[in-house]
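I opened this file to look up a few local features and write them down as I went. The entries are kept short.

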Amino acid sequence: MSHQLPDIDPEETAEWIDSFDAVVDAEGRPRARFLLMKLLERARTNQVDFPATVSTPYVNTIPQDQEPWFPGDEHVERRIRAYIRWNAAAMVSRANYRSEGIGGHLATYASSASLYEVGFNHFFRGKSDGGFGDLVYFQGHASPGIYARAFVEGRLTEDQLDHFRQEVSGQGLPSYPHPRLLSDFWEYPTVSMGLGALCAIYQAHAARYLLQREIVDTSANRIWAFLGDGELDEVESIGALGVAGREHLDNLIFVVNCNLQRLDGPVRGNGKIIQEAEAMFRGAGWNVIKVIWGSKWDELLARDIDGVLLDKMNTTPDGEFQKYATETGAYIREHFFGPDPRLRRLVEHLSDADLQALPRGGHDYRKLYAAYKLATEQVGQPTVILAKTVKGWTLGPEIEARNATHQIKKMTKAQLLALRDRLYLQEEIPDEALDAEQPPYFRPPEGSPAHEYLSGRRKVLAGPVPTRLVRPVTPYAVPDAAVFSDMFAGSGTQSASTTMAFARLLRNLVRDPALGRYVAPIVPDEARTFGLEPLIAESKIYAPEGQRYTPVDSDLILRYAEDRKGQVLQEGITEAGAMASFIALSTAYATWGRPMLPIYLFYSMFGFQRIGDLAWLLGDIRGRGILAGCTAGRTTLQGEGLQHDDGHSPLLASVNPAAHIYDPAFAYEIGVIMHDAITKIMGPNPEDRFWYLTLYNENYPMPPLPEGDAGDAVRAGILRGMYRFAEPAEVADAGAAAVSGASGLARRATLLFSGPMWQVAMEARALLASDWGVSVDAWSVTSYTELREDALSVERANRLHPHAERALPYISRSLGDGAGPVVAVTDYLRAVPDQVARWVPRPFTSLGTDGFGRSDTRAALRRFFEVDAAHLVVAVLAALAETGDAKSDEVAEAINRYEIDADSADPWTT
């Protein structure tokens, strides 16, 4: 690149290049590399800008002479760490002695104990001072160590530890960080690897959003995320690094436990994961601090005047370093230091035992304290600390750094004895204590130096971590009833889609004096598709640096507006990132003591199908908010085709126990559902659940909500899952044979519809009445999932209370008074209405859009998937024929009249 730039003094340039070549020839590449590094450092000192290098030598970022004074009592902290290490191993081993195969993990915490203890003793702030504390995302597999520390602190009992992974009794500890299961302890689920890192980034992003909008002062709080080096393989771990970099999120610190091992073997056996990670983070705009070597290496590096040790460090692959962690000092002398006589001379004064004991930086308190302190002082950049450790550290030679380490769930007596001796716990854990069937726990007694130190440090740092605290909030932010008036009034002769109706409601919510500022609209670069241009122009998009350019539409009313205090979170083309923002704000009631109303609008096909794991985490973390799956329906979204046409999101959402799922047809249904949801999210009796609404882009006139008692009944039915939309239709005089069934009475049937399929149902209802003499009533089913949950509850109560009066599910009572078959039509898989099939007290048929989507018009798609009015009529007649209330000739006549190709292939097989 430099040859394209003007050279004002070629002679001087040639002298510099010649001098550099001479250094390479005379003193070698290491010396040349060193000089270049010193020049770059001087350039930065003199404020001479230069493109950042993405990788630095394989040594600690902070040299020994720049390490700060360590303020703790290293001896006492080492004792505390030993107690915690022991209890973590004992807890997992005891669990597996009692219940073979119950599982648990020994090695992850063993490798990361120092990483956590430096944080616990010196950095992690709690909440006992009335503040919000630090937000710590603990690595999921390290949970035994976090439980063990809580036990040593006196927060957990022996009985609780003895119920590790045995939760059904109500006294147990969950396997990993799960707020849903241990709601006063864990705050952030992390064990679905990759999600902790992603959520931490967007938690930091959301914290700045709340700060800039002056909703919560988050300026004093840091977000810490602990993850393993193997976890960096997950796309979710690294996909949002650029967000943190470009937004200068200096409230965020990653600590990566680089023990060089995945679950099966090396992370980068032939490479160097720390160097790879450094380049990746640095390139994304992060401050990188490497903690590779412990203090005993400092003297060797200082004597490495030829750079041979540094070169050996730089060129040795991780697979070899893992091997060295399992070998003797003699092996290390021969294979690491041996090939070069200059290296061998560096360590000739050290014994084999000394070589074997040369520590990695991630086990060195002083090195870690220096890194954490520098990270907390960093301004303008997020920081990642890459700490090199040994997996299974201190657990003994049969476990440390072995490829099978992750799978070891319990320790033998010999291994426990070796661990005890390694931790110098002979006094606390005498030999006879290990003669018992299970290893004992140990907690330092109250008043002991260790207990006093432990308690004192946490008191200084404002109490225990982790602690999940939900503070009472008053007054409650519930919107004025006028916000929903447009939804209930209907649209008259004007056509609108449910997506547009929802967008209008969202704008009203943002304008509401009581609730408005707490509404957080979130969208992944589809705001125009969802009709949010007015909201963007009015409330603006959140941008940490404001809008430093003039947008091309600045002269328009509906302009693209960004602002540091913007309310809309337009997260770019990242459903995962938008969902992570939603998760952060959905738990603001617990994290920040301020309930928020996050409303995330997205292409429904790219919701649960794309980020189902995050949705599961949302349920675990007890998130509260509203998800809106826009442009929904396999036939309603015309023209887009296979990858975009959503025919199954309600089914995918239904597997999440925390989800309320609704498929509204009309604006007033949306209004009723949203009013209920907002009350249960922001009101005095909140539910730790979230709502999912499907919204469509098909336009039709919106009817008004009925008034009076009828309106109240409709409201109740909407929330419970169904209500009668149309009474049985009057039957035209089509002849006795056409209007009478086997019983001699007028033929009856019921149609169930959801969403825009109401038009299909009403058209079929009219055809059945006018052409076939069938009187049909129609029901709007807003939620098959709510109906199913109610039915399951009733069924369970009947089963477990055999002497009580038998109850009927809501759907059974609703349809029990009708006559004839029930046919459900949906723009989703038939499995959606089939959820309630066994509780329908009449013959039941479902029509749906099973199969891959297609690009075409709505009419063509509905004919193809057999969910148009013609197929609905045929389905009703066929069901009547099954009960003897119609003739097969009628069914055949209908097929011919409506030009249905009876010999075409099943849509779900093509």
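The entries below cover a surface patch, the cysteines and one loop residue.

Entry 1, model type. I noted at the start that this is a predicted model.

Entry 2, surface patch. I looked for nonpolar side chains grouped on the surface and found a patch made of Trp-16, Phe-20, Leu-36 and Leu-39. Together these four have about 410 Å² of accessible area. I then checked which helices supply the patch: helix 1 (10-27) and helix 2 (29-45) each give at least two of its residues.

Entry 3, one patch member. I picked Phe-20, which sits in helix 1. Is Phe-20 buried, partly exposed or exposed? Its relative accessibility is 34%, so I put Phe-20 down as partly exposed.

Entry 4, cysteines. How many disulfides does a search of the whole structure find? I got zero. I also looked up the burial of two cysteines. Cys-199 has 5% relative accessibility and therefore counts as buried. Cys-258 has a relative accessible area of 0%, so I listed Cys-258 as buried too.

Entry 5, a loop residue. I located Gln-378 in the loop that runs between helix 17 (365-377) and strand 5 (383-388). Its relative accessible area is 18%. The cut-off for buried is under 20%, so Gln-378 went into my notes as buried. What does Gln-378 touch, not counting residues up to four places away in sequence? I recorded Asp-250, Asn-287 and Thr-383.

Notes. Residues numbered from 1 in each chain as written. Predicted model: local features only at pLDDT ≥ 70, side-chain atom pairs only at ≥ 80, totals over all residues. Heavy atoms only, no water. Patch = residues over 30% accessible without salt bridge, like charges linked within 9 Å, V, L, I, M, F, W, Y side chains within 5 Å. Areas by Shrake-Rupley, 256 points an atom, 1.4 Å probe, with all protein chains shown as cover. Helix = DSSP H or I, 4+ residues; strand = E, 2+ residues; numbered from the N terminus. Buried < 20%, exposed > 50% of the residue type's maximum accessible area, 1.4 Å probe, protein only. Disulfide = S-S within 2.5 Å. Contact = heavy atoms within 4.5 Å.
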